[in-house]
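Here is a walk through one protein model, from its sheet to its cores and helices. Keep the structure open as you read.

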Amino acid sequence: MLLSIEHVRKAYPGQRPVLQDVSLALDHGETLALTGESGSGKSTLLNLAGALDAFDSGEITLDGKALSALDDTGRADLRRDRVALVFQQFNLIPSLTVGQNLAFHARLGGRLDKAWLSELSHRLGLADLHDRYPENLSGGQQQRVAIGRALAARPKLLLADEPTGNLDENASREVLDLMLELVRETGAALLLVTHSVEIANRLDRRAHLAGGKIT
């Protein structure tokens, strides 16, 4: 099992618990949609799974490593080597060109494969845009860059938080098609947060969060 979340709880000071006894598992190469109303804890769970935040109790194991046993450096190393993230806000670096953005995480992790990067670029329709800056791209193009940047380092786990939420219907469908195709080809597991039942139905499994619990 690539990702195992067992009886995890999470609360923020002065607030009711966000997650209460949540358990979830995701295998290598599997895709899972995480649905739920706003405020149900979806993004919090995604952040915990990606070692971006600490949980209060329970355990999360990612690729054989228990997150509770890792310090900040260990969690950063795990994120760099095994995890990639795609957000609704594209989070591209505005001072870098498309080509530089695409290569950024893979270069940072010492895993830049120029042949794979070139293939990704062509598959995502970005080959002719390498010298442009993010401000000169459409929303759909920016999200393609974000997906290419995430997959360039060949992560074992891809975490996506409403990755098509800022796109129109046609761009959303096109970007999702490309992401699912590339995820399956690379063998990465995908945990995707979405409000869309249509999108959720395209993944292997679906889990629903309500009141901080999986229902």
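The paragraphs below take the sheet, then the cores, then the helix packing. Bear in mind that this is a predicted model.

Start with the sheet. Strands of a sheet pair through backbone hydrogen bonds, either parallel or antiparallel. Here, four strands form an open sheet, and their order is β2-β1-β4-β5. The pairing is antiparallel. Which strands stand at the edges? They are β2 (19–26) and β5 (65–66). Each has a single partner strand, so one side of each is left without a neighbour in the sheet.

Look next at β1, residues 3–10. Five bridges join β1 to β2, in the antiparallel sense. One residue pair to find is Leu-3 and its bridge partner in β2, Leu-26. Helix α1, residues 42–49, lies across β1, β2 and β4 (57–62). The helix runs at about 125° to β1.

Now turn to the interior. In soluble globular proteins, nonpolar side chains tend to be buried together. The largest nonpolar core in this model has 40 residues. Leu-158, Leu-190 and Leu-192 touch the most other members. Several elements supply at least two residues each, including β6 (83–87), β7 (157–161), β8 (189–193) and α7 (197–200). Helices α3, α4 and α5 do so too. The largest share, eight residues, comes from α6, which spans 169–186.

What does Leu-158 touch, beyond residues up to four places away in sequence? Its contacts include Ala-84, Leu-85 and Val-86. Ala-150 and Leu-151 are also among them, as are Met-179 and Val-183. Ala-189, Leu-190 and Leu-191 are touched as well. Apart from this core lies another, of 29 residues. Its members include Val-8, Val-22, Leu-45 and Leu-48.

Return to the helices with α3, residues 98–108. Val-98, Gly-99, Asn-101, Leu-102, Ala-103 and Ala-106 are buried there. What covers these buried residues includes α4 (114–123) and α5 (139–152). Just after α3, Gly-110 takes a positive phi of about 70°.

Finish with α4 and α5 themselves. Two packed helices are described by the angle between their axes and the distance between the axes. For α4 and α5, the angle is about 155° and the axes are 10 Å apart. An angle over 145 degrees counts as roughly antiparallel, so α4 is roughly antiparallel to α5. The crossing is right-handed. At the contact, Trp-116, Leu-117 and Leu-120 in α4 meet Gly-148, Leu-151 and Ala-152 in α5.

Notes
Residues are numbered from 1 along each chain as its sequence is written. This is a predicted model: local features need pLDDT of at least 70, side-chain atom pairs count only at pLDDT 80 or more; totals for chains, interfaces and linings use all residues. Side-chain values use heavy atoms; hydrogens and water are left out. Buried means under 20% relative accessible area, exposed over 50%, partly exposed in between (1.4 Å probe, protein chains only). Contact means heavy atoms within 4.5 Å. Two strands pair if DSSP finds at least two bridges between them. Axes are lines fitted to C-alpha atoms, for helices over the stretch in contact, and angles run from 0 to 180 degrees between N-to-C directions. A nonpolar core is a set of buried Ala, Val, Leu, Ile, Met, Phe, Trp, Tyr and Cys residues joined through side-chain atoms within 4.5 Å. Angles under 35 degrees count as roughly parallel, over 145 as roughly antiparallel, 65 to 115 as roughly perpendicular and the rest as oblique. A crossing is left-handed if the near helix is turned anticlockwise from the far one by less than a right angle, and right-handed if clockwise.
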